[in-house]
Amino acid sequence: MTTIGPQPDWRSWVESANSADTHFPIQNLPYGVFSPEPGASPRIGVAIGDFVLDLSELEAEGLLWCGKKVFDHSTLNPFITLGRAAWRDARQRIAQLLRDSEPALRDNVMLRERCLVPSTRVQMHLPVQIPGYTDFYSSKEHATNVGKLFRDPDNALLPNWLEMPIAYNGRASSVVVSGTPVQRPNGQMKLPDQQRPVFGACRKLDLELEMGFIVGAQTPLGTPIPCDQAQEYVFGMVLLNDWSARDLQAWEYVPLGPFNAKTFATTISPWVVPFDALEPFRVAQPSQSPEPLAYLQQTGEHAFDIHLEAWLRPHEGHDETLLCQTNFRYLYWSIAQQLAHHTVSGCNVRVGDLMGSGTISGPEPGSLGSLLEITLNGREPLALKGGGQRGFIEDGDAIRLTGWCQGEGYRVGFGNCEGKVLAARSL
Ligand SMILES: O=C(O)/C=C/C(=O)CC(=O)CC(=O)O
Ligand SMILES: [Ca+2]
Ligand SMILES: [Mg+2]
């Protein structure tokens with residue numbers, strides 16, 4: 001397998017990028033939108049070790065040029081719109097500038113000072129202007145667990161599930177960047193002992209450990225993306241928490257699916273890891289039976305070995321508790337199959353569209369991606385590390401997702417995707 005861009009044995013003159021456990025070695029180079037200090041104007045950077053490299057400065061200096069100005073901008077969309085060849089050229093050039101043997105930036109003290117901002121100082125923004133957000137449901141384990149809890153334990157997986165990547169149309173307007181507080185939603189819920197619903201603050205607030213991919217090209221209405229070309233439409237990936245109000249969901253979801261239960265916030269990580277950086281971690285996906293219909297068939301390896309974790313920091317103030325360790329490779333339906341299915345009707349996609357993987361639960365103990373599954377809908381609360389327990393998320397709790405691909409001596413990481421829950425708006 002060929003690696004495009006920085007090679008596994010490359011090192012950077014940014015020393016912190018060479019440590020074995022940084023998420024941001026020279027092999028990663030994820031893109032984000034940042035302000036060098038709170039209040040300063042947003043621009044595009046890449047994470048490298050403990051620093052953010054300001055691409056707008058490199059562009060202004062003429063050290064990085066994509067044929068037009070794209071980095072002095074508050075979203076990645078203009079850069080993404082340039083297309084795959086431009087992403088690859090830029091990635092190659094940035095890696096070269098950061099490589100230990102390359103003096104252009106390494107030995108220019110003044111420029112280095114301007115370009116490299118300590119990541120502790122920066123403020124991160126939503127990296128992409130997101131025209132549309134779709135959330136898939138591609139983990140067989142998750143779909144089975146939720147089927148048992150919400151419907152029929154004996155027929156947990158609905159018959160359509162094995163035939164196509166099921167999804168719902170999410171809400172792009174409430175996608176927020178990591179660090180943004182999440183207000184507990186109000187809504188309707190049906191209590192077991194009552195005839196009619198009550199209105200009030202959600203009592204069963206949950207996380208969903210997911211990843212998302214960012215669409216890198218626009219398609220015309222009426223033109224499906226074939227499965228074997230689908231991955232060319234992917235710019236990069238993020239961590240994603242599809243916050244879910246389980247009590248609102250249980251009451252509203254029949255027959256049209258989740259609505260208010262999942263529209264109030266979806267948190268993504270600030271760094272978009274280029275799809276090319278994940279190439280060395282490609283693995284086979286779980287085998288599919290029955291064989292998918294022709295438009296969903298694919299050859300080659302379509303899963304990625306990405307270790308994922310979810311943590312809860314309780315409002316009581318003690319240490320984080322590990323909720324889940326899972327892996328992106330468990331997903332039954334691939335990104336290519338998701339995109340092919342999404343567009344097979346003629347539905348178009350746009351640059352910056354966000355596609356969630358669906359909650360990633362695995363087959364192993366401790367690999368469940370939501371509290372709904374971990375606590376069996378709150379019936380068996382989880383013990384917290386410092387004492388106390390949780391059925392669902394309480395006000396003041398913070399949820400943090402993290403994840404990485406383990407290379408030989410380096411990690412291609414996704415950083416953190418965090419959000420702290422605030423009390424509901426008072427009625
Ligand atoms: O099975 C259901 O009725 C609902 C499932 C979900 O809430 C999950 C959803 O948002 C899709 C996913 O994350 O896999
Ligand atoms: Ca979801
Ligand atoms: Mg959501």
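According to an unreviewed UniProt entry, residues 27-127 carry the feature "domain: Fumarylacetoacetase N-terminal". In this predicted model, that span is 38% helix and 21% strand, and its end C-alpha atoms lie 20 Å apart.

Let's turn to the metal. Which protein donors does the magnesium ion (ligand 3) have? They are D242 (OD) and T266 (OG1), at 1.9 to 2.3 Å from the ion. D242 sits in the loop between β14 (234-241) and β15 (244-245), while T266 belongs to strand β16 (residues 266-268), so the pair ties together parts that are 24 residues apart in sequence. D242 is buried, with 0% relative accessible area, and T266 also counts as buried at 0%.

Now for the empty space inside. A search of the whole structure turns up 3 cavities of 30 Å³ or more. Here are two of them:

| Cavity | Volume | Lining residues |
|---|---|---|
| Largest | about 110 Å³ | 6 nonpolar, 1 polar, 4 charged |
| Second largest | about 50 Å³ | 7 nonpolar, 2 polar, 2 charged |

Around the largest cavity you will find Y31, R84, W87, R88, R91, Q231, V234, F235, P274, F275 and D276. Two elements, α3 (84-98) and β14, give two or more residues each to this lining, and α3 supplies the largest share, with 4 residues. Domain 1 (15-125) and domain 2 (133-422) each contribute at least three residues to the lining of the largest cavity.

The second largest cavity is lined by residues including T3, P6, P8, Q27, Y410 and V412. R91 and D276 are among its lining residues too, and both also line the largest cavity.

Conventions
Residues are numbered from 1 along each chain as its sequence is written. Chains are lettered from A and ligands numbered from 1 in the order in which they are written. This is a predicted model: local features need pLDDT of at least 70, side-chain atom pairs count only at pLDDT 80 or more; totals for chains, interfaces and linings use all residues. Side-chain values use heavy atoms; hydrogens and water are left out. UniProt positions are given in the numbering used here, feature names are shortened, and annotations may be inferred rather than shown by experiment. Donors are N, O and S atoms within 2.8 Å of the metal (3.2 Å for Na, K and Ca); water is not among the atoms, so sites may look incomplete. Buried means under 20% relative accessible area, exposed over 50%, partly exposed in between (1.4 Å probe, protein chains only). On a 1 Å grid over the protein atoms alone, a cavity is a set of points where a 1.4 Å probe fits but cannot get out, and a pocket is an open set with protein on both sides within 12 Å along at least five of seven lines; lining residues have an atom within 4 Å of a point. Grid points are joined across faces, edges and corners, and a volume is the space filled by probe spheres set on the points. Ala, Val, Leu, Ile, Met, Phe, Trp, Tyr, Cys and Pro count as nonpolar, Asp, Glu, Lys and Arg as charged, and the others, Gly among them, as polar. Domain bounds come from an automatic or database domain assignment.
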